[in-house]
Amino acid sequence: MVCLNRCGFNGAERSRDERSMGGIIETEECGRSLHAYTVQKEPHCGREWNEEMMNRYITGEGPDLSAHQGIVDMKRIRDAGYRMAGLRMGYGRNNVDQQYAANADACYHLGMSVVLYWFSYAYTAEMAAAEAGYAVAQAGKYWKNCPIAFDFEYDSVNYARKNGVDITKQLATDMAIAFLTHVRDAGYLPVLYGNRDYLRNYFDLGRIEAAVGKVYIWYARYNAELSEEEREAADIWQYTSGGRVPGVQGNVDLNWFYADFDKSMDMVPREEKQNINIRNFQAAARADGIRDENGNELTVDGIDGPKTQYVRRQIVLKAQKSGQKYIVGSAGHVVKWWQGRCNEILGHRQAEDGLYGQAARRETFALQKKIGLKEDGIAGYNSIQEVFYY
């Protein structure tokens, strides 16, 4: 690994938290556009090389996702050619990302490679080691071995200052060592996320690698070309925060993967368990006569498989507008199921009469606001998926 501290990484590059993190513990983070490469020299041989030659070094491309992207359609992401993804598992003191379970489950079943990360609010080495424990516990629900990244950024530093701690280079390095050593000892691949400023001014990579061994670098640098030294050192390059990817609403971070993590992905054998919310939905859809793509009734098995997902795509529960008011539109057993889930999640008592009118529309707005969905008063594919697992 080239020592990034000697690569002339001067100045600061923005990263996830600097773009949009406004809170202390509650917030973090933050298609397909090919980054423009100019002709440069190939490392070690001085040959002229172009974009086509460089692509030999890229093993894949993919977004990194958290609750800030809301509910995503991972199958659409994969089918668009993104077979890798970064997933936030959580942040701080065992705060699990609201979308981690859904995102990880989808990647697991779709056979996508992942790089998992924990956003750190540690300001001691002991806290960083504890965060690594939380990260390993979440990773272990799906993978026995995969990359896990220590994500320590500007908001992490600001939080430490508010707790009376100044993050020096020595302390940041000690925390990285504590986190990554725990990850390594648990059988996972240690990854360090950082931009040019952090890899130069906060982390002593020589000391980290002396303590941990091989450490993969997840390098954030936007709107710029990588130098030969940067390209040689980066195992993942987060090259834009403005990516557009099918299956994701709005902008998303996109990454080029240079390291081949596919071989390291060791999945935990999992027995599918019945989800009672899914089972009740399947029974309601079956009672309404909604059939799968082959014209068959849904099997009531409590598993959100391809046939259930197909049925979900056919369902749009909404009220009908009549003049300035909304009246009953959708009706049936699925509407009644939806009303019940709204009541369970919101603690309300709307009538579960199977009629989607003004009241059901109002309750749907309230539910969508509560769980961070697009607020449109319509219960479709994403809203139904979310209440399966909420």
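This report describes the fold content, selected helices and selected residues of a predicted model.

## Basis and overall content

The model is predicted, so local features are reported at pLDDT of at least 70 and side-chain atom pairs at pLDDT 80 or more, while totals for chains, interfaces and linings use all residues. Residues are numbered from 1 along each chain as its sequence is written, and side-chain values rest on heavy atoms, with hydrogens and water left out.

The protein chain contains 15 helices and 15 strands. Helices (H or I, at least four residues) and strands (E, at least two) are DSSP runs, numbered from the N terminus. Of the chain's 390 residues, 53% count as buried. Buried means under 20% relative accessible area, exposed over 50%, and partly exposed in between (1.4 Å probe, protein chains only). The chain exposes about 17100 Å², and carbon and sulfur atoms supply 46% of that area. Accessible areas come from the Shrake-Rupley method with a 1.4 Å probe; for residues, only the protein chains shown count as cover.

## Helix H13 and its cover

Helix H13 covers residues 333-346, 14 residues in number, and its end C-alpha atoms are 20 Å apart. This agrees with the 20 Å that is expected at 1.5 Å a residue; the expected span is 1.5 Å times one less than the number of residues. Gly347, just after H13, takes a positive phi of about 75°.

H13 is mostly covered, with 11 of its 14 residues buried. Among them are Trp337, Trp338, Arg341 and Cys342. The cover over the buried residues includes helix H11 (276-287), helix H14 (358-370) and helix H15 (381-389). Asn277 belongs to H11 and counts as buried because its relative accessibility is 14%. Not counting residues up to four places away in sequence, Asn277 touches Trp337, Arg341, Val387 and Phe388; contact means heavy atoms within 4.5 Å.

## Helices H12 and H15

The axes of H12 and H15 come within 8 Å and cross at roughly 130°. Axes are lines fitted to C-alpha atoms, for helices over the stretch in contact, and angles run from 0 to 180 degrees between N-to-C directions. H12 and H15 are therefore oblique to each other. Gln309, Arg312 and Arg313 of H12 make the contact with Tyr381, Ile384, Gln385 and Phe388 of H15. Angles under 35 degrees count as roughly parallel, over 145 as roughly antiparallel, 65 to 115 as roughly perpendicular, and the rest as oblique.

Gln385 sits in H15 and counts as buried because its relative accessibility is 12%. Leaving aside neighbours within four places in sequence, Gln385 is in contact with Ile71, Val72 and Arg312. With Arg312, the side chains make a polar contact at 3.5 Å. A polar contact is a pair of N or O atoms within 3.5 Å; within protein, one must be able to donate a hydrogen and the other to accept it, and residues adjacent in sequence count only if both atoms are side-chain atoms. The C-alpha atoms of Gln385 and Ile278 are separated by 8.8 Å, with these positions 107 residues apart along the chain.

Tyr310 lies in H12 (residues 306-314). Tyr310 counts as partly exposed because its relative accessibility is 27%. Apart from neighbours within four places in sequence, Tyr310 is in contact with Arg291, Asp292 and Glu293. The C-alpha atoms of Tyr310 and Asp292 are separated by 6.3 Å, and the two residues are 18 apart along the chain.

## Helices H6 and H7

In helix H6 (residues 154-162), the buried residues are Tyr154, Asp155, Ser156, Val157, Tyr159 and Ala160. Just after H6, Gly164 has a positive phi of about 80°.

Thr181 is part of helix H7 (residues 169-185) and, at 19% relative accessibility, counts as buried. Its side chain reaches the backbone oxygen of Ile177 at 2.6 Å.

## Two loop residues

Met112 lies in the loop between helix H4 (100-110) and strand S6 (113-119). At 4% relative accessibility, Met112 counts as buried. Residues that Met112 touches, not counting those up to four places away in sequence, include Met74, Ile77, Tyr82 and Cys107. The C-alpha atoms of Met112 and Tyr82, 30 residues apart along the chain, are 8.5 Å from each other.

Asn94 is in the loop between strand S4 (84-91) and strand S5 (95-96). With a relative accessible area of 40%, Asn94 is partly exposed. Asn94 is not a glycine, yet it has a positive phi of about 60°. Most residues other than glycine have a negative phi.
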